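Notebook open, structure about to go up on the screen. I want to jot down what I looked up, entry by entry.

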Amino acid sequence: MTASIALVDDDRNILASVSMTLQSEGFSVRVYSDGKTALNALLESPPDLVVLDIKMPIMDGMEVLRRLREKSMVPVIFLTSKDDELDEALGLASGADDYIAKPFSLRLLIARIRALLRRTEARFQEKSEEAPQNSHIIVRGRLVMDPDRHQVSWDGEDISLTVTEFLILEALAQRPGFVKSRDQLMDTAYQDDVYVDDRTIDSHIKRLRRKFRQVDNQFKSIETLYGIGYRFAEE
C-alpha cells in the first residue's frame, strides 16, 4: 500500500522539489506552506508520516508538533535550518522522531523516511500479531511498558512516547543495570544503515527524562555513564 507523506514547509522550492522526488519514489504526497493549515489537515486526515519545517509563518513547526502530539503519534521528521535550532528541535520539541538539517540531500531524506516508516510498521505489526495471552509487558519498579499496545506508565501515570523514544526505553528497560552504548541504542532504534550521530541519541534520552519528570520530578532511573552509554536503574 502506498505510504502517504505530508510535507510542511514555507519554501515553495523545497515543496516542489521534495514532493516530486517523493512521488517518483512511489509515495503519496500532500504539501502545506504554513503550519496552521497543515495542523488542521493533519488532525482531520492523518498521513503515515510528516516532514515538518521549524521556521514557518502563522504557526511554526514547534507549535504544530506540540498540538499534533496532543492527539496523534504520527511519525514526524523535523527539518532544521541552523545548528542552533538543532538542539532546540531535539531537546525542547515534544515528540519529533528524527531530524534533518538544511541544506539536506534528497537521498538522505528518502532514506530517513523509509527507515522511520519501516520501524513504525514493524512496531504495529508486532502488536497486531501478538495474541493477548502472549503480551510481553515489562514491569521495572514503577515503570510499566506494554509493547503490544505501545503504552508506557510511571507510577500509574500514562506517558506518551514516540516510536523512537519507546524503542530506546524498551532496550534499556529489558536489562536493567546493564549499560547500552550509544551505538547499541542507535542499532535498536533505527535498525537501518542510516547515519545518525551521537547527539541524536543524547537528545532522545533528554526528552525521555523530561517526559518522565513531568509526572515525577524525582525521576532518575535513566542513568548516564559518561563516555560509555546509558542504563536503566530499577528501584
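Before anything else, I fix my burial terms: buried means under 20% relative accessible area, exposed means over 50%, and partly exposed is in between (1.4 Å probe, protein chains only). I am working with a predicted model, where local features need pLDDT of at least 70, side-chain atom pairs count only at pLDDT 80 or more, and totals for chains, interfaces and linings use all residues. Residues are numbered from 1 along each chain as its sequence is written, and side-chain values use heavy atoms, with hydrogens and water left out.

**Confidence.** I checked pLDDT (the predictor's confidence in each residue, from 0 to 100). The protein chain averages 83, and 84% of the residues score at least 70. Residues 130-134 fall below 50, and beyond near neighbours in sequence that stretch has 3 contacts in the model (contact means heavy atoms within 4.5 Å). Where pLDDT is low, the predicted coordinates should not be read in detail.

**Overall layout.** I looked up the secondary structure and got 8 helices and 11 strands. These are DSSP runs numbered from the N terminus: helices are H or I with at least four residues, strands are E with at least two. Of the 235 residues, 51% count as buried. Taking contacts between residues at least 6 apart in sequence, 59% join residues at least 24 apart. The accessible surface comes to about 11600 Å², and 47% of that belongs to carbon and sulfur atoms. Areas come from the Shrake-Rupley method with a 1.4 Å probe; for residues, only the protein chains shown count as cover.

**Salt bridges.** My criterion is a side-chain nitrogen of Lys or Arg within 4 Å of a carboxyl oxygen of Asp or Glu. How many turn up in the whole structure? The search finds 14 salt bridges.

I went to D9 and K102, whose side chains meet at 3.0 Å, N to O. This pair links distant parts of the chain, 93 residues apart: D9 sits in the loop between strand 1 (4-8) and helix 1 (12-24), K102 in the loop between strand 5 (98-101) and helix 5 (106-129). Are they buried or exposed? Both D9 and K102 are buried.

Next I pulled up R182 and D202, with their closest N and O atoms 2.8 Å apart. This salt bridge also links distant parts of the chain, with R182 in helix 7 (residues 182-190), D202 in helix 8, and the two positions 20 residues apart. R182 counts as buried because its relative accessibility is 19%, and D202 is buried at 19% as well.

Then E63 and R66, bridged at 2.6 Å, N to O. They are 3 residues apart in helix 3 (residues 61-69), so about one helical turn separates them. E63 is partly exposed at 22%, and R66 is partly exposed at 37%. I followed the pair outward and found E63, R66, R67 and E70 linked in a network of salt bridges.

**Surface.** I noted a nonpolar patch made of I137, V139 and V144, about 220 Å² of accessible area together. Patches take residues with over 30% relative accessible area and no salt bridge, joining like charges within 9 Å and nonpolar side chains (Val, Leu, Ile, Met, Phe, Trp, Tyr) within 5 Å. V139 lies in strand 6 (residues 138-140) and is partly exposed at 46%.

Last stop was Q218, in the loop between helix 8 (198-213) and strand 10 (222-225). At 51% relative accessibility, Q218 counts as exposed. Its side chain makes a polar contact of 3.3 Å with that of N217. For that I use N or O atoms within 3.5 Å; within protein, one must be able to donate a hydrogen and the other to accept it, and residues adjacent in sequence count only if both atoms are side-chain atoms.
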